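Here are my notes for you to read with the model open beside you. Take the points in order and find each residue as you go.

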Amino acid sequence: MLIAGSVFSCQKVAIVGWKKKIPTSLICSSKRLIPPYLGEEEDQKRKREMGSPGMLARRALLTDTPVMVQIQELFRGSNDLLSLAQGVVYWQPPKRALDMAKELVWDPSVSRYGADEGLPDLKAALIKKLRVENNIHKSSVMVTAGANQAFVNLVLTLCDAGDSVVMFAPYYFNAYMSFQMTGVTNILVGPGNPKTLHPDAEWLEKTLRETKPTPKLVTVVNPGNPSGTYIPDPLLKVSLSLSLSLSLSLCRLIVLFVTKNVLKSYLKYFMYDGRKHTCVEGNHIVNVFSFSKAYGMMGWRVGYIAYPSEVEGLAAQLLKIQDNIPICAAIISQRLALCALEVGPEWVTEQVKDLVKNREIVLEALSPLGEDAVRGGEGAIYLWAKLPDKYIDDFEVVRWLAKKHGVVIIPGSSSGCPGHVRVSFGGLVEDDCQVAAGRLRKGLEELVSDGMV
Ligand SMILES: Cc1ncc(COP(=O)(O)O)c(C=O)c1O
């Protein structure tokens with residue numbers, strides 16, 4: 001139940017590369033770590049100290065506070081803030097799909113429950129799409145209320161409390177929280193290459209070989225959130241996937257968490273500079289997808305799990321979790337997703353193409369931090385940047401930028417890397433993105449030259 005493994009790993013990541021000069025005592029200072037269970041009395045004392053009347057669960061109390069909730073607080077009471085924070089896109093779903101949904105509200109079927117695993121028509125369309133677009137042939141599909149819920153389903157299905165799991169820094173904060181709140185407290189956070197942020201495959205192999213009991217699950221997000229880093233094919237297929245499959249007797253399943261991967265064209269266009277996205281499949285691999293970004297469907301909450309059909313019992317166990325959380329993803333949202341899929345890749349292509357410009361605008365805004373400070377951004381909608389060495393407390397910088405310069409970004413400490421920030425460039429149309437980026441640039445120039453005055 002101790003998170004010590006992740007503390008060390010996290011520090012290790014930090015020490016490799018960009019954070020060489022940061023005292024290790026500070027590296028995890030802004031993360032709330034899960035303390036060991038020291039008995040009932042100590043537990044109650046700790047809960048009281050955390051302001052609870054002693055009735056609340058440790059799994060909730062000791063889970064990180066969602067960074068987005070903290071960020072939303074910055075927006076309260078201020079109507080002139082511009083957001084480069086939340087991972088969203090600025091477009092809405094295809095008009096044809098929205099028009100259809102408007103009519104559909106009167107259809108009695110959307111007010112009823114549907115099949116737990118998803119509407120048959122949508123599942124069939126997704127299986128076809130996975131085959132044609134993602135080269136995934138032996139997987140079954142479960143439709144969920146977004147990728148986040150898909151991830152929780154998987155953690156609850158695959159892991160027991162006290163198990164250890166692996167992720168790589170900088171990690172996706174909600175995935176980390178999913179582990180914490182389900183009692184998977186031994187979270188081993190592996191290093192990335194300091195320059196590319198690619199997961200360190202050697203570290204992974206060693207960790208899987210040496211950690212006892214063997215970690216249950218490895219999470220890889222590609223392209224990365226919060227970094228936008230793209231894991232190239234050879235690393236994904238040969239090093240990561242192969243080394244994991246070789247340690248299969250040790251490691252039962254990987255969750256290969258593919259961000260916002262809905263269509264090839266989407267991938268093609270959410271990948272920049274001609275890079276091409278690929279997926280891997282195997283009996284030790286589960287892929288997670290989302291409709292949120294490609295189709296502007298964040299609030300409709302549709303994602304899906306592509307899990308290996310041949311693994312005995314997996315479907316039945318996943319269904320138990322599904323039946324107790326959403327029962328089924330909202331029917332109207334599933335129908336909208338199906339219609340959006342039918343509208344097809346060209347529509348997504350059209351929406352996504354302007355993001356290349358947004359990325360350039362934001363890259364330019366980050367330039368005061370120095371050429372070497374910015375990483376990632378090869379895919380997805382994120383850039384990742386290191387603040388000057390003395391700004392380990394990235395949340396303080398985020399608050400200062402919001403208050404003094406009217407622009408909001410995400411602190412890297414929420415992803416296990418204090419002293420860094422995530423900047424999202426998908427949520428604003430180009431003109432607004434220009435304004436937000438102008439504020440960010442001005443703020444960073446001031447930070448570098450005069451500090452947080
Ligand atoms: C890795 C990852 N998982 C989950 C999500 C949330 O997706 P959804 O809206 O489908 O829950 C995101 C959003 O950006 C993400 O990057």
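1. Let's start with a strand pairing. Strand E10 (residues 382-386) and E13 are joined by five bridges, and the two run antiparallel. To find one of those spots, look for Trp384: its bridge partner in E13 is Arg422. Keep in mind throughout that this is a predicted model.

2. Now for the other neighbour of E13. Strand E13 covers residues 420-424, and two bridges join E12 to it, again antiparallel. Here you can look for Pro411, which stands opposite Val421 in E13.

3. Put those pairings together and you get the sheet. It is an open one with four strands, in the order E9-E10-E13-E12, and the pairing is antiparallel. Which strands sit at the edges? They are strand E9 (374-375) and strand E12 (410-411), each of which pairs on one side only. As background, strands of a sheet pair through backbone hydrogen bonds, either parallel or antiparallel.

4. Stay with E13 a little longer. How many of its five residues are buried? Five of the five are, so to speak, under cover. His420, Arg422 and Ser424 point one way from the strand, while Val421 and Val423 point the other way. That fits a general pattern: in a regular strand the side chains alternate between the two faces of the sheet.

5. Val423 also leads us to Leu440. Setting aside neighbours within four places in sequence, Leu440 is in contact with Val423, and also with Leu84, Ala365, Leu366, Leu401, Val407 and Ile409.

6. Leu440 turns up again in the largest nonpolar core, which has 107 residues; together with Phe291 and Leu366, Leu440 touches the most other members. Helix H14 (residues 331-343) gives the most to this core, eight residues in total. Why does the core lie between domain 1 and domain 2? Because domain 1 (67-90 + 346-450) and domain 2 (95-343) both give residues to it. Apart from this core lies another, of 14 residues, including Phe168, Ala201, Leu208 and Leu235.

7. Next, the aromatic rings. There are nine aromatic pairs by the count used here. One of them is Phe168 with Trp203, an edge-to-face pair at 5.7 Å centre to centre, with 70° between the planes. Phe168 is in strand E3 (residues 164-168) and Trp203 in helix H10 (residues 201-210), 35 residues apart, so to speak a link between distant parts of the chain. Are these two buried or exposed? Both Phe168 and Trp203 are buried.

8. Compare Tyr172 and Phe173. Their ring centres are 5.2 Å apart and their planes are at 40°, so this pair counts as tilted. Tyr172 and Phe173 are buried too.

9. There is also a ring cluster to look for. Ring pairs link Phe289, Phe291, Tyr295, Tyr304 and Trp347. Phe291 may ring a bell, as one of the residues that touch the most other members of the largest nonpolar core. Over the face of Phe289 lies Lys129, at 4.4 Å from the ring centre.

10. Finally, zoom out to the whole protein. Its secondary structure comes to 18 helices and 13 strands. Of its 453 residues, 58% count as buried. Among contacts with a separation of 6 or more, 77% are between residues 24 or more positions apart.

Key. Residues are numbered from 1 along each chain as its sequence is written. This is a predicted model: local features need pLDDT of at least 70, side-chain atom pairs count only at pLDDT 80 or more; totals for chains, interfaces and linings use all residues. Side-chain values use heavy atoms; hydrogens and water are left out. Two strands pair if DSSP finds at least two bridges between them. Rings of Phe, Tyr and Trp (its six-membered ring) pair if their centres lie within 6.5 Å; planes under 30 degrees apart count as stacked, over 60 as edge-to-face and the rest as tilted. Buried means under 20% relative accessible area, exposed over 50%, partly exposed in between (1.4 Å probe, protein chains only). A charge sits over a ring if NZ of Lys or CZ of Arg is within 6 Å of the ring centre and within 35 degrees of the ring normal. A nonpolar core is a set of buried Ala, Val, Leu, Ile, Met, Phe, Trp, Tyr and Cys residues joined through side-chain atoms within 4.5 Å. Domain bounds come from an automatic or database domain assignment. Contact means heavy atoms within 4.5 Å.
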